[in-house]
Amino acid sequence: MPNWSNLRSDFPILHQEVNGKPLVYLDNAATSQKPRRVIDALVRYYERDNSNVHRGLHTLSMRATNAYEGARTRVATFINAADPAEVIFTRGTTESLNLVAHSFAKKLQPGDVVLTTEMEHHSNLVPWQQVAKATGATLRHVPVLGTDAEGGLDLAALDSLLTPQVKIFAFTHISNTLGTINPVALLCARARAVGAVTVIDAAQSIGHGPFDVRAIGADFVAFSGHKMCGPTGIGVLYGRRALLDALAPDETGGGMVVSVNYESASWKPAPERFEAGTPNVADAIALGAACDYLEALGRDAIAQHDGALARLAYDQLATLPGIRIIGPRGERSGLVSFAFEGVHAHDIVTFADEDGLALRGGHHCNQPLMRKLGLTSTTRASFYVYNTEQEIDVLVASLRRILKFFGGG
Ligand code: C6P
């Protein structure tokens with residue numbers, strides 16, 4: 001087990017005051033902080049190795065290429081992909097989901113169904129809406145159960161929704177708004193039984209616990225580096241090799257072609273086929289360092305730590321007058337989302353900032369779900385490896401102060 005409180009010294013940003021109070025960073029679902037090891041990997045690359053990749057025969061270019069491809073292999077082991085070529089570097093989850101949606105769009109036709117769920121982030125909803133509009137395919141959603149979505153996905157509804165017409169089943173592993181952990185292996189098995197391709201949005205899960213693409217049986221998986229101790233601007237689309245080889249690229253240009261004449265071009269296999277232009281070399285290398293960091297902590301240990309903090313926060317928040325906590329009451333991921341009648345989430349976040357707290361308030365890119373729950377916004381506290389039980393005390397004390405100010409509590 002890592003020593004969770006010593007580990008805070010790995011994160012330089014945490015050692016500061018905000019508004020005269022120690023920073024309590026509880027906005028990890030939006031983006032995580034970066035350990036020294038990841039920052040050093042970026043600096044080292046720019047100070048020693050910076051060069052373009054796959055193009056040069058000089059020493060720096062070869063070093064950069066080796067480090068970039070080494071990062072691909074590192075990410076492949078992190079998710080237990082069968083082959084590094086199944087790892088495509090993108091800008092993040094959003095770009096990964098768009099890549100697969102737009103590439104698949106060329107294969108869909110009227111009568112086909114794309115299935116998502118009612119708890120999808122806009123990134124795993126809007127691209128599919130666009131694809132459905134462009135192809136005439138139908139978009140359907142697995143419902144969430146309960147007035148506070150506490151019942152998770154309606155798995156019984158899969159019996160009628162997962163028909164042979166479903167070509168793609170796209171779902172999130174962990175809801176960024178509810179903290180629900182979906183049974184991804186089961187969903188993949190159910191989809192496979194009707195011949196549907198699965199697309200997992202792993203933005204909120206990949207850095208928070210074990211993730212084995214082969215054990216889960218996933219076809220495509222999208223995630224972002226910046227939510228897992230890595231830099232912004234880098235993410236991954238994992239795709240099963242056979243599926244990637246059958247997909248047309250969405251973006252074309254240099255680096256992804258075998259041969260070009262004035263009229264036409266032919267494509268390299270994956271991953272190059274999907275990485276047109278100069279890639280984000282430095283951030284890919286630093287993402288590899290983030291994988292090392294998380295693996296050294298232990299993926300199971302991280303899941304236990306974050307889940308325990310979220311359950312503790314849930315229990316303490318539940319004592320606040322007038323609070324409505326959404327999402328599951330038992331097992332949940334490392335976040336808690338809540339609302340108070342008559343106090344807007346933006347006010348809570350602004351007032352909590354006076355106490356050094358970083359929270360997020362809003363619809364969390366989940367507008368349809370919010371509407372379904374009769375909410376416009378929630379306040380969200382989200383935890384990661386460096387957060388402590390004492391920080392939950394600070395959160396609860398701050399909320400008590402804010403509620404008093406607004407005439408509640
Ligand atoms: N959620 C949050 O505060 P990008 O922005 O591409 O790195 O990730 C998009 C995304 C996709 N799916 C899920 C489940 C997500 O949570 C996110 C990002 C942030 O909750 C920003 S809205």
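How many bridges join strand β4 to β10, and in which sense do the two run? In this predicted model, the count is 4, and the strands, β4 covering residues 87–90, run antiparallel. Within this pairing, isoleucine 88 sits across from leucine 237 of β10. Strand β10 itself spans residues 235–239, and 5 of its 5 residues are buried, leaving the strand mostly covered. The cover extends to both faces: Gly235, Leu237 and Gly239 are buried on one side, and Val236 and Tyr238 are buried on the other. That two-sided split fits a simple rule: in a regular strand, side chains alternate between the two faces of the sheet.

Strand β10 has another partner in β9 (residues 220–224), and here 5 bridges hold an antiparallel pairing. Two facing pairs help to place the strands against each other: phenylalanine 223 is opposite valine 236, and alanine 222 is opposite leucine 237. Leucine 237 thus turns up twice, facing isoleucine 88 in one pairing and alanine 222 in the other. Like β10, strand β9 is well wrapped up: it is largely enclosed by the rest of the structure, because 5 of its 5 residues are buried. Phe220, Ala222 and Ser224 make up one covered face, with Val221 and Phe223 on the other.

Moving on from β10, strand β9 also pairs with β8, this time in parallel, through 3 bridges. Isoleucine 200 is the residue that stands opposite valine 221 of β9. The loop between β9 and β10 offers a contrast with these covered strands. Threonine 232 lies in that loop and counts as exposed because its relative accessibility is 51%, against a cut-off of over 50%. Although threonine 232 and serine 32 are 200 residues apart along the chain, their C-alpha atoms are separated by 9.7 Å.

Next comes the ligand. It has 17 residues around it, and those that come nearest are Thr94, Asp201, Gln204, Ser224 and Arg360. Ser224 is also one of the buried residues of β9. By type, the shell comprises 4 nonpolar, 9 polar and 4 charged residues. Both domains take part, with at least three shell residues from domain 1 (39–296) and at least three from domain 2 (298–405).

Several side chains make polar contacts with ligand oxygen atoms. For arginine 360, an N or O atom of the side chain is 2.4 Å from a ligand oxygen, while for arginine 380 the corresponding distance is 2.7 Å. Glutamine 204 also places a polar side-chain atom 2.7 Å from an oxygen of the ligand. On its own the ligand has 510 Å² of accessible area, and the protein covers 87% of that.

Glutamine 204 deserves a second look. This residue is in the loop between β8 (197–201) and α7 (213–216), yet it counts as buried because its relative accessibility is 9%, where buried means under 20%. Besides its contact with the ligand, the glutamine 204 side chain reaches the backbone oxygen of alanine 29 at 3.0 Å.

Finally, leucine 317 gives a view of a helix. It belongs to α10, which covers residues 299–317, and it counts as buried because its relative accessible area is 0%. Leucine 317 is 229 residues from isoleucine 88 in sequence, and the C-alpha atoms of the two are 40 Å apart in space.

Notes. Residues are numbered from 1 along each chain as its sequence is written. This is a predicted model: local features need pLDDT of at least 70, side-chain atom pairs count only at pLDDT 80 or more; totals for chains, interfaces and linings use all residues. Side-chain values use heavy atoms; hydrogens and water are left out. Buried means under 20% relative accessible area, exposed over 50%, partly exposed in between (1.4 Å probe, protein chains only). Two strands pair if DSSP finds at least two bridges between them. A residue is near a molecule or strand if one of its heavy atoms lies within 4 Å of it. A polar contact is a pair of N or O atoms within 3.5 Å; within protein, one must be able to donate a hydrogen and the other to accept it, and residues adjacent in sequence count only if both atoms are side-chain atoms. Accessible areas come from the Shrake-Rupley method with a 1.4 Å probe; for residues, only the protein chains shown count as cover. Ala, Val, Leu, Ile, Met, Phe, Trp, Tyr, Cys and Pro count as nonpolar, Asp, Glu, Lys and Arg as charged, and the others, Gly among them, as polar. Domain bounds come from an automatic or database domain assignment.
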